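I open this notebook with a few questions about helix packing and the buried interior. The entries below record what I looked up, in the order in which I took it.

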Amino acid sequence: MLDKSIPYYPLTLIKTDTESYPEYRLPDGYEFVFYQKGDEVSWTDIECSVGQFDSIESGVKCFRREFENGQNLKAEERMLFVKDMSGEYVATGSLWNGRLLGEEFQRIHWIAVKDKCSGKGIAKALITRLLSMYNSLGYSGFIYLLTGTRNFAAVNIYRKFGFKEYCGERSLSSGLTDKEFKDQQQKALLIINEKISSSRG
């Protein structure tokens, strides 16, 4: 669940050693399935459960914008769900395209796990599978993801896979000056590192 009690600042994480990462498997009783037409409601249900959206309607609109409108990729080939033994979809994540500094790169996109299934290693298994997909599709050398302060627990997981904070001088966000971007990154890291440290007790 997103921690909406803390200020939100975005954070960009990058990974250049794309063939090197720990490998995790799904726990017993869960399996991967690819998106099929109509699964946008299941996707939205998962994202709503972690606080990304306030309604199914707003989530479906976001899904259409992110994964359908003007896209040349197919969700049926790039979007994964994790299904439990009852058939419920409890987690999702995608390998998708995005733009940084005017160039198109692959990114890990919209990872989410329902709270009732958190702590079981499902997110780690999802990231493992998406990185494997990245390599099997012939990509190499650079992958990224976008996250933020309210999802600080996930940052710790991404770091275990070798993702590092983007510390470049130039802004990756349209509408921000380079200085504003660097200030945001610094504020985000300060909050995230403090929250991770305190959560360890």
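The entries that follow concern a predicted model, and they go from a helix pair to the nonpolar cores.

**Entry 1: a helix pair.** I began with helix α1 (residues 40-49) and helix α2 (residues 56-67), whose axes come within 9 Å and cross at roughly 115 degrees. I noted the handedness of this crossing of α1 and α2 as right-handed. Looking up the residues that meet, I found E40, W43, T44, D45 and C48 on the α1 side, and I56, G59, V60, C62, F63, R64 and F67 on the α2 side. Sorted by class, the contact of α1 with α2 has seven nonpolar, two polar and three charged residues.

**Entry 2: F67.** I then followed one residue of that contact, F67, which lies in helix α2. Is F67 buried or exposed? I record F67 as buried, because its relative accessibility is 3% and the cut-off for buried is under 20%. Leaving aside neighbours within four places in sequence, I listed W43, M79, S94, W96, H109 and W110 as the residues in contact with F67. I also looked up its separation from A154: the two are 87 residues apart in sequence, and their C-alpha atoms are 22 Å apart in space.

**Entry 3: helix α4.** For α4 (residues 122-136) I checked the length, and the end C-alpha atoms are 21 Å apart, which agrees with the 21 Å that its 15 residues should span at 1.5 Å a residue. Which residues of α4 are buried? I wrote down I122, A123, A125, L126, I127, T128, L130, L131, M133 and Y134. After α4 comes G138, and I noted that its phi is positive, near 90 degrees.

**Entry 4: the cores.** The largest nonpolar core has 37 residues, and I found the most contacts inside it for V82, I108, I122, L131, Y158 and F163. At least two residues of this core come from each of β1 (10-15), β3 (79-84), β4 (89-100), β5 (103-113), α4, β6 (143-148), α5 (152-160) and α6 (178-199). Among these contributors, α4 gives the most, with nine residues.

I took V82 as a case to follow, and, leaving aside neighbours within four places in sequence, its contacts are L26, Y30, E31, F32, E88, Y89, V90, A91, I122 and L126. There is also a second, separate core of 17 residues, and I noted V33, W43, C62 and W110 among them. Two of these, W43 and C62, had already appeared in my record of the contact between α1 and α2.

Note on methods: Residues are numbered from 1 along each chain as its sequence is written. This is a predicted model: local features need pLDDT of at least 70, side-chain atom pairs count only at pLDDT 80 or more; totals for chains, interfaces and linings use all residues. Side-chain values use heavy atoms; hydrogens and water are left out. Axes are lines fitted to C-alpha atoms, for helices over the stretch in contact, and angles run from 0 to 180 degrees between N-to-C directions. Helices (H or I, at least four residues) and strands (E, at least two) are DSSP runs, numbered from the N terminus. A crossing is left-handed if the near helix is turned anticlockwise from the far one by less than a right angle, and right-handed if clockwise. Contact means heavy atoms within 4.5 Å. Ala, Val, Leu, Ile, Met, Phe, Trp, Tyr, Cys and Pro count as nonpolar, Asp, Glu, Lys and Arg as charged, and the others, Gly among them, as polar. The expected span of a helix is 1.5 Å times one less than its number of residues. Buried means under 20% relative accessible area, exposed over 50%, partly exposed in between (1.4 Å probe, protein chains only). A nonpolar core is a set of buried Ala, Val, Leu, Ile, Met, Phe, Trp, Tyr and Cys residues joined through side-chain atoms within 4.5 Å.
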